[in-house]
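Subject: Handover of a structure and notes on its contents

Dear colleague,

Please find below the structure that I am handing over to you. My notes on what was found in it follow directly after.

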Amino acid sequence: MAPVRCPEPFVPPGLSCRPARPGRKLLLLLSLLLLLGAVAPMMSEAAAPTELRLGYVEYFLPGVDRKDVALAVQLWAHRYVETERGLGVRLSAFGSRAEIRKALLAGQLDVVHLPTVDYLLLSRELDLKPFGVPVTDGEFGERYVLLVPKGSGITRIGQLRGKRLLVQAMSLGQESLPARWLERLLRDQGLPPAARHFTSVNYEVQPSRVLLPVFFGQAPACIVTERSLRTMAELNPQIEAQMERIAVSQPLIDFVMCLAPSVNPSLAPRYAELGLGLSDNPWGRQMLLLLQLDGIAPFRPEAIEPARRLVEP
């Protein structure tokens, strides 16, 4: 077969289609192409976003002032993430599940800190990627206990019909895990919902406002975390000595740290590392202390199952 003739418009004068030894111009062209090949990934990496967009639901604040939380996060962001890790942080607080859902759908967040109930409900429609959960006393989450005064003669929740109940809730009242655990306790014993079984159910964040009324005989029963009971007993050993547990929950995770659906895949491991490494720097440890947590552990599906069973039918 005869050689294919080079198209006339692309053949400069003096060149032909026959193989030739590379000349100076060809070597220069090859060098330029290699340089462009090396520079392109660098340009792409430089164009990647360098700002962590972090969102959390503001009503999930376990007994601390919102300004204290905001200040602790800002110190962590500016003095550690920005100064030591070279990554900007944009912090957004949301007042409800609906608000943070809207931001997630709009692709405005990279990492979210969600109450467990919100996580379980939002993950039904959004591709949230959980990576961190709280650790308390070496367990995932908190155990809740139903307490009555010792010597009251009350040994079952059914005996609290028509009485007042106080509940320590780390998030929004009836949306909280202890509230859902309470409803499950009642249902499992064939009792009516809490709104009908008790004369009133009051939710408080501060454990002292839940425990002390029962201790002083002003309320017949309460639900608190094991940690809160132990902390209060350290201040006054008579508190635990005068209380009796009539029910104890499985460890329940109060919140989940997630990567948002819109997160840049190349930066996702870096973001997750920052969340899991809070205990590795003084600013992160300050946040953990403020939130009364031992640390953040990698997410494990089985750890959230006790909470999932309370939320899903």
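Tyr-144 is buried in this predicted model, and its relative accessible area is 0%. The residue belongs to strand 6. Its C-alpha atom lies 6.9 Å from that of Pro-178, although 34 residues separate the two along the chain.

Strand 6 covers residues 144-149. Of its six residues, five are buried, so the strand is largely enclosed by the rest of the structure. Strand 6 pairs with two other strands, which I take in turn. With strand 9 (residues 221-225), the pairing is antiparallel and runs over four bridges. Within this pairing, Leu-146 stands opposite Ile-223 of strand 9, and Leu-147 stands opposite Cys-222. With strand 10, strand 6 again pairs in the antiparallel sense, here over five bridges. Val-148 has Glu-244 of strand 10 as its bridge partner.

These strands are part of a wider arrangement. Five strands form an open sheet, in the order 8-7-9-6-10, and the pairing in the sheet is mixed. Strand 8 (200-204) and strand 10 (243-248) stand at the edges with a single partner strand each, so one side of each has no neighbour in the sheet. From one strand to the next, the twist averages 25°. As general background, the strands of a sheet pair through backbone hydrogen bonds, in either a parallel or an antiparallel way. The parallel sense is found between strand 7 and strand 9, which pair over three bridges. In that pairing, Leu-165 has Ala-221 of strand 9 as its bridge partner.

How many of the five residues of strand 9 are buried? Five of the five are, so strand 9 is largely enclosed by the rest of the structure. Ala-221, Ile-223 and Thr-225 point one way from the strand, whereas Cys-222 and Val-224 point the other way, and all are buried.

Two helices pack on this sheet. Helix 7 (residues 208-215) touches strand 6, strand 7 (164-168), strand 8, strand 9 and strand 10, and its direction makes about 140° with that of strand 9. Helix 8 (residues 226-235) touches strand 6, strand 7, strand 9 and strand 10; the direction of helix 8 makes about 100° with that of strand 9.

Two further helices deserve a note for their buried residues. In helix 10 (residues 268-276), these are Ala-268, Tyr-271, Ala-272, Leu-274 and Gly-275. They cover an arc of only 155° around the axis, which puts them on the same side of helix 10. In helix 11 (residues 282-290), Gly-284, Met-287, Leu-288 and Leu-290 are buried. Viewed down the axis of helix 11, the buried residues fall within an arc of 165°, so they line one face of the helix. After helix 11 comes Gln-292, whose phi is positive, near 60°.

Next, the aromatic rings. A pair of such rings is described by the distance of the centres and the angle of the planes. The count for this model comes to one aromatic pair. The pair consists of Phe-215 and Phe-216, whose ring centres are 5.1 Å apart and whose planes stand at 75°; planes over 60 degrees apart count as edge-to-face, so the pair is edge-to-face. Are these two residues buried, partly exposed or exposed? Phe-215 counts as partly exposed because its relative accessibility of 23% lies between the limits of 20% and 50%. Phe-216 is exposed, since its relative accessible area of 55% is over 50%.

Finally, some totals for the protein. It has 12 helices and 12 strands. Of its 313 residues, 43% count as buried. Among the contacts with a separation of 6 or more, 79% are accounted for by residues 24 or more positions apart. The accessible surface comes to about 17,200 Å², and 56% of it belongs to carbon and sulfur atoms.

Yours sincerely

Definitions and conventions
Residues are numbered from 1 along each chain as its sequence is written. This is a predicted model: local features need pLDDT of at least 70, side-chain atom pairs count only at pLDDT 80 or more; totals for chains, interfaces and linings use all residues. Side-chain values use heavy atoms; hydrogens and water are left out. Buried means under 20% relative accessible area, exposed over 50%, partly exposed in between (1.4 Å probe, protein chains only). The arc is that of the directions from the helix axis to the C-beta atoms. Rings of Phe, Tyr and Trp (its six-membered ring) pair if their centres lie within 6.5 Å; planes under 30 degrees apart count as stacked, over 60 as edge-to-face and the rest as tilted. Two strands pair if DSSP finds at least two bridges between them. Axes are lines fitted to C-alpha atoms, for helices over the stretch in contact, and angles run from 0 to 180 degrees between N-to-C directions. Contact means heavy atoms within 4.5 Å. Accessible areas come from the Shrake-Rupley method with a 1.4 Å probe; for residues, only the protein chains shown count as cover.
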